[in-house]
Amino acid sequence: MARSLLGQRLVRVDRGRRLAGIIVETEAYLGIPDLAAHTSGGRRTPRNEPMWLDGGHLYVYFTYGMHHCANVVAQCRGEPVAALLRAIEPTEGLKLMYKRRHSALRDTDLCSGPAKLCAALGLDRRHSGVDLCRDKHLFIEQVRRRAFASDKIAVLPRIGVAYAKQWADKPLRFTLKDSPYVSRF
DNA sequence: TGCGTGATATTCT
DNA sequence: GAATATCACGCAG
């Protein structure tokens, strides 16, 4: 699912205004056995409760005292597997995004990181648990029917999970090759 | 390269 | 109920 999200459009309708972008970078978090996942070892807490819902729900968490990150739940209820949205290519509502991303100088700075994209779209914990398949203000539009061919996708280690022992270096990060909108790690 | 920053999980009383 | 450790990052320098 992390692969097939690439090229699809993430949309938030914020007080009537559309904010949107094409997903260009994701990371897979593989649930209970994955030492880098919030649900590692079967941990189930109020924070990560949305991870345990049906696929299509959104899990947003707050971290480092100032950042939010958003994940799309992937599997059936009870299997806490998800994809972290790491970067989008902003396509609609850039003006409002710049307002929220004070330090951004170029379009490529706007949403090129998991916390940047949340800031640009104004996503926070209020959006954790939203059902993307039903919600009218937050959803994913299908732009393409098939996932990109594998030669269009770069597969890389995940970011910021050095502590996760044997899971730290697994190739679970997917980017659209040559997109200038990916995070710059 | 080095922090800021505060919620959360975990571990203690 | 309280203390502590940790963190799926971004920015200034």
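A polar contact here is a pair of N or O atoms within 3.5 Å; inside the protein, one of the two must be able to donate a hydrogen and the other to accept it. With that in hand, a good place to start in this predicted model is Ser183, whose side chain makes a polar contact with the side chain of Arg86 at 3.4 Å. Ser183 belongs to the segment after strand E8 (173-176). Its relative accessible area is just 4%, so Ser183 counts as buried. Arg86, the partner in that contact, turns up again in the largest pocket.

That pocket has a volume of about 660 Å³. It is lined by 27 residues, and those closest to its centre are Tyr61, Tyr64, Cys69, Arg86 and Pro114. Several elements chip in: strands E2 (17-29), E3 (58-63), E4 (67-73) and E5 (82-92), together with helix H4 (114-121), each give the lining at least two residues. Sorted by class, the lining breaks down into 15 nonpolar, 8 polar and 4 charged residues.

Three of the strands just named are also linked by pairing. E3 and E4 run antiparallel and are joined by 6 bridges; one of the pairs is Phe62 with His68 in E4. The two strands form a hairpin, with 3 residues between them. On its other pairing, E4 is joined to E5 by 3 bridges, again in an antiparallel arrangement, and here Val73 has Ala82 of E5 as its bridge partner. In E4, 6 of the 7 residues are buried, so this strand is largely enclosed by the rest of the structure.

The turn of the E3-E4 hairpin deserves a closer look. Tyr64 sits in this loop and has a positive phi of about 55 degrees, although it is not a glycine. For context, most residues other than glycine have a negative phi. Tyr64 is exposed, because its relative accessibility of 70% is over the 50% cut-off. That value is computed on the protein chains only, and Tyr64 is in fact among the residues surrounding DNA strand B.

The full set around DNA strand B consists of Arg43, Thr45, Arg47, Phe62, Tyr64, Gly65, Met66, His67 and Arg125. Of the strand B atoms that come within 4 Å of the protein, sugar and phosphate account for 71%. Polar contacts are made with various parts of the strand. At the phosphate, a polar side-chain atom of Thr45 lies 2.2 Å from an oxygen of DNA strand B. Arg125 goes for the sugar or linking position, with a side-chain N or O atom 3.1 Å from an oxygen there. At the base, the protein side of the contact is backbone: an N or O atom of the Tyr64 main chain lies 2.9 Å from a base oxygen of DNA strand B. By class, the surface near this strand is split into 3 nonpolar, 3 polar and 3 charged residues.

DNA strand C is surrounded by 21 residues, of which Tyr61, His67, Asn71, Ser103 and Tyr163 are the closest. Sugar and phosphate make up 62% of the strand C atoms that come within 4 Å of the protein. His67, also listed around DNA strand B, places a polar side-chain atom 2.7 Å from a base oxygen of DNA strand C. Two contacts involve phosphate oxygens of this strand: one is 2.6 Å from a side-chain N or O atom of Tyr163, and one is 2.9 Å from a backbone N or O atom of Lys116. E3, E4, E5 and H4 are the elements that give two or more residues to the surface near DNA strand C. Those four also appear in the list of elements lining the largest pocket. The class split of the surface near DNA strand C is 11 nonpolar, 7 polar and 3 charged.

Two loop residues round off the picture. Lys165, in the loop between strand E7 (153-156) and E8, is another residue other than glycine with a positive phi, near 50 degrees. Its relative accessible area of 63% makes Lys165 exposed. Arg15 is found in the loop between strand E1 (9-14) and E2, and at 68% relative accessibility it counts as exposed too. Arg15 and His137 are 122 residues apart in sequence, yet their C-alpha atoms are 8.7 Å apart in space.

Notes. Residues numbered from 1 in each chain as written. Chains lettered and ligands numbered in written order. Predicted model: local features only at pLDDT ≥ 70, side-chain atom pairs only at ≥ 80, totals over all residues. Heavy atoms only, no water. 1 Å grid on protein atoms, 1.4 Å probe; cavity = no way out; pocket = protein on both sides within 12 Å on 5 of 7 lines; lining within 4 Å. Points joined across faces, edges and corners; volume = space filled by probe spheres on them. Nonpolar A, V, L, I, M, F, W, Y, C, P; charged D, E, K, R; others polar. Near = heavy atom within 4 Å. Buried < 20%, exposed > 50% of the residue type's maximum accessible area, 1.4 Å probe, protein only. Pairing = 2+ DSSP bridges.
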